[in-house]
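Student: Could we go through this structure together? I would like to begin with the charged pairs and then turn to the interior.

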Amino acid sequence: GMMFCMVNGEGSGLAEIRAGVTSGEPLSPLLTRVVMLARHAGSEDLQGWASRELHGYVGQDTVPDYRHIVAVVMVALTDGAGRSAGRQQFSLSVFPLQVRDMIREKLDVEDAYLSQGVGEIEAMAAAGMAEHDLVPYWSPVIVQPLNQHLVMPGIRVDHVFWVVPNVAVQGVLSRIRATLAELVAELTALMPAGQEAPDKAIVDQAAQIVITGNRPTISFSSQQAGDGGTNVMVAGADAAGPVTVA
């Protein structure tokens, strides 16, 4: 007959996620499984993170560090008839100091990031292009003052965009995969032997450690536990202040 091994979450989808992470399975189905595992455990923290990775982030301030990349800022130019007039590197120096400071206060134009859902990023990475043009949400905001200050007769700025090298896109994907691998490792380490699926406390703790970078302080107390093991006291992050791991 068949034997089902239920040690350390084998029946909960955790084993499937672990296998998928190591075999290089696309991130979209993997993250979908993470959403299901988190929903099953009742962990809003993990479900929220996996959902955002799947469907994308809104606005610059919500995009996690590992999705930020170095890119070149460019402007696309058009002539009077709306035909392309080439592209050139963008510099804030075309603006008077006052306008420059006003823009700097509101946004960091050089800070490029990928806010798309992971499936779209995987498609970008696989498209076989050396670089990608991405138009940030603030492009229209900059275009108007640019056209007021740009002194090029008959030429207008159509939009501002980032030129992102494909290696940077691949880098973001491998960082998401590394986060997943770390999450699986934490869940596996926290799971009591013989437990079928990770419960809310375990999933929340793993999400805290991996996604927010807050590690609870673990102190080993000298007293011996009844079965000869050592008692491990885990102080909550609020007790000693969060311990951030760089």
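Tutor: What follows is a discussion of a predicted model, taken topic by topic.

Student: How many salt bridges are there?

Tutor: The count comes to six salt bridges. One of them joins Glu 16 and Arg 33, with the closest N and O atoms 3.1 Å apart.

Student: Which parts of the chain does the pair of Glu 16 and Arg 33 tie together?

Tutor: Glu 16 belongs to helix α1 (residues 14-23) and Arg 33 to helix α2 (residues 27-41), so this salt bridge ties together parts that are 17 residues apart in sequence.

Student: Is Glu 16 buried or exposed? And what about Arg 33?

Tutor: Glu 16 counts as partly exposed, at 47% relative accessibility. Arg 33 also counts as partly exposed, with a value of 24%.

Student: Which other salt bridge does Arg 33 form?

Tutor: The side chain of Arg 33 meets that of Glu 25 in a salt bridge, at 3.3 Å from N to O.

Student: What about Asp 133, which residue does it meet in a salt bridge?

Tutor: Asp 133 meets Arg 87, with an N to O distance of 3.4 Å. Asp 133 is in strand β5 (residues 131-134) and Arg 87 is in strand β3 (residues 84-89), so the pair ties together parts that are 46 residues apart in sequence. Asp 133 is partly exposed, at 43% relative accessibility, and Arg 87 is partly exposed as well, at 42%.

Student: Going back to the shared partners, which residues do they join into a network?

Tutor: Glu 16, Glu 25 and Arg 33 are joined into one network by salt bridges that share partners.

Student: Let us change topic. How many aromatic pairs does the structure hold?

Tutor: It holds two aromatic pairs. In one of them, Tyr 113 and Trp 162 have ring centres 5.2 Å apart and planes at 65 degrees; an angle over 60 degrees counts as edge-to-face, so this pair is edge-to-face.

Student: Where do Tyr 113 and Trp 162 lie?

Tutor: Tyr 113 lies in strand β4 (residues 111-113) and Trp 162 in strand β6 (residues 155-165), so the pair ties together parts that are 49 residues apart in sequence. Both residues are buried.

Student: And what is the geometry of the pair formed by Trp 138 and Trp 162?

Tutor: Trp 138 and Trp 162 form an edge-to-face pair, 5.9 Å centre to centre, with 80 degrees between the planes. Trp 138 lies in the loop between β5 and α6 (139-149), whereas Trp 162 is in strand β6, so parts that are 24 residues apart in sequence are tied together. Trp 138 is buried, as is Trp 162. Ring pairs thus link Tyr 113, Trp 138 and Trp 162 into a cluster.

Student: Strand β6 keeps appearing. Which strands does it pair with?

Tutor: Among its partners is strand β2 (residues 72-79), which pairs with β6 in the antiparallel sense over eight bridges. Asp 79 stands opposite Ile 155 in β6. Strand β5 also runs antiparallel to β6, and four bridges join these two. Here Asp 133, the salt-bridge partner of Arg 87, stands opposite Val 163 in β6.

Student: Now the interior. Which residues touch the most other members of the largest nonpolar core?

Tutor: That core has 63 residues, and Leu 46, Trp 49, Phe 90, Ile 142, Trp 162, Leu 180 and Leu 183 touch the most other members. Helix α7 (residues 166-190) gives the most to this core, with nine residues.

Student: What does Phe 90 touch?

Tutor: Leaving aside residues up to four places away in sequence, Phe 90 touches Val 73, Met 74, Val 75, Phe 95, Val 109, Ile 142 and Leu 146.

Student: Which residues of helix α5 are buried?

Tutor: In α5 (residues 118-125), the buried residues are Val 118, Ile 121, Glu 122, Met 124 and Ala 125. Seen down the axis of α5, they fall within an arc of 155 degrees, so they line one face of the helix. They pack against α2, α3 (44-55), β5 and α7.

Student: One last residue: is Asn 147 buried or exposed?

Tutor: Asn 147, which is found in helix α6, is buried, with a relative accessible area of 16%. Not counting residues up to four places away in sequence, Asn 147 touches Arg 156 and Val 157.

Note on methods: Residues are numbered from 1 along each chain as its sequence is written. This is a predicted model: local features need pLDDT of at least 70, side-chain atom pairs count only at pLDDT 80 or more; totals for chains, interfaces and linings use all residues. Side-chain values use heavy atoms; hydrogens and water are left out. A salt bridge is a side-chain nitrogen of Lys or Arg within 4 Å of a carboxyl oxygen of Asp or Glu. Buried means under 20% relative accessible area, exposed over 50%, partly exposed in between (1.4 Å probe, protein chains only). Rings of Phe, Tyr and Trp (its six-membered ring) pair if their centres lie within 6.5 Å; planes under 30 degrees apart count as stacked, over 60 as edge-to-face and the rest as tilted. Two strands pair if DSSP finds at least two bridges between them. A nonpolar core is a set of buried Ala, Val, Leu, Ile, Met, Phe, Trp, Tyr and Cys residues joined through side-chain atoms within 4.5 Å. Contact means heavy atoms within 4.5 Å. The arc is that of the directions from the helix axis to the C-beta atoms.
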